[in-house]
Amino acid sequence: MNICCPDATGNLYAVWEAYEPWTEEMGYDDSGESHSYLVKYDSAGNQIFAQELSGAVFENVENAYIQNMAIAADGKIIASTGSNFLIFNEDGSLSQNIPTGTDWVDGMCVTDAGMILYVSYGMNGMELCEVNPSTGAKEKTYKNIPEMSGRMEYLGGKLYISGNTKLYEYDLEKQESVEVLDWLASSVYGNYVQAFTITADGKI
């Protein structure tokens, strides 16, 4: 599994990578052909659909590997590769393919208003950018982003960014971040946390 995320009603969306089994006819460096699938499950774990991500879906996609995914308020499924945003309809069919140009997407999330936020390493260092999926245009760039090494989430109207050993809340208006949690100083075992979420009562 590459990644998974829930929607507001408890459905779960996942991207699976399946590889053909190795045979003696293949070279030792050949792991076989791979296939990617976008799969939706209901809250009981029943599969609703499985959409293969191939052909036209990955057309003009430089790095055909989905690294981030989020569900917009309108039900659209928004995923990112290193160089593209792929927007799927609720049934898993592809709606849009938005290239990021020279930006390399390191992390992505979607705001309550449906805007795409992503972190990119560019000529000016690490930046937080905002894309309008309706137009595909980059509309804003934010500065002073904390060093990111895990995920970013837009939860409860706030943006959270996971760093090497810390979790930050980033203020989009002030373009400032504050430390929310230090993994090393908490009861979390380990010095690196890749994924997180914030519950309705504020628990991490």
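Start by selecting Asn132 and showing what surrounds it: leaving out residues up to four places away in sequence, Asn132 touches Met115, Ala137 and Glu139. Keep in mind as you click that this is a predicted model. Asn132 sits in strand S11, which covers residues 125-132. Is Asn132 buried or exposed? It is buried, because its relative accessible area is 15%, and the cut-off for buried is under 20%. Now add Ser134 to your selection: the side chain of Asn132 reaches the backbone nitrogen of Ser134 at 2.9 Å.

Next, jump to Asn144. You will find Asn144 in the loop between strand S12 (137-142) and strand S13. Look at its backbone: Asn144 is not a glycine, yet its phi is positive, about 60°. Turn on the surface and you can see that Asn144 is exposed, with a relative accessible area of 56%.

For another residue of this kind, select Gln175. Its phi is near 55°, again a positive value in a residue other than glycine. Gln175 belongs to the loop between strand S15 (166-171) and strand S16 (176-182). Here the relative accessible area is 24%, so Gln175 counts as partly exposed.

Now go inside. How many residues does the largest nonpolar core have? It has 16, and the ones with the most contacts inside it are Val15, Leu38, Leu53, Ile66, Met69, Ile77 and Phe88. To see the strands behind this core, colour S1, S2 (12-19), S4 (47-53), S5, S6 (77-80) and S7 (84-88), since each of them supplies at least two of its residues.

Stay in the core and centre your view on Leu38. Setting aside its neighbours within four places in sequence, Leu38 is in contact with a list of residues that includes Ala14, Val15, Phe49, Leu53, Met69, Ile77 and Phe88. Gly92 is also one of the contacts of Leu38.

The last stop is an empty space. Rolling a probe the size of a water molecule over the atoms reveals where such space is left. In this model, the largest pocket holds about 1,000 Å³. Which residues are closest to its centre? Select Cys5, Pro6, Met69, Ala70 and Glu153, the closest among the 41 residues that line the pocket. Then highlight strands S1 (3-6), S5 (68-71), S9 (105-110) and S13 (152-155), each of which supplies at least two lining residues. Finally, colour the lining by type: you should find 23 nonpolar, eleven polar and seven charged residues. Met69 is worth a second look, as you met it in the core and again by the centre of the pocket.

Technical notes. Residues numbered from 1 in each chain as written. Predicted model: local features only at pLDDT ≥ 70, side-chain atom pairs only at ≥ 80, totals over all residues. Heavy atoms only, no water. 1 Å grid on protein atoms, 1.4 Å probe; cavity = no way out; pocket = protein on both sides within 12 Å on 5 of 7 lines; lining within 4 Å. Points joined across faces, edges and corners; volume = space filled by probe spheres on them. Helix = DSSP H or I, 4+ residues; strand = E, 2+ residues; numbered from the N terminus. Nonpolar A, V, L, I, M, F, W, Y, C, P; charged D, E, K, R; others polar. Core = buried A, V, L, I, M, F, W, Y, C linked by side-chain atoms within 4.5 Å. Buried < 20%, exposed > 50% of the residue type's maximum accessible area, 1.4 Å probe, protein only. Contact = heavy atoms within 4.5 Å. Polar contact = N/O pair within 3.5 Å; in protein donor to acceptor, adjacent residues only side chain to side chain.
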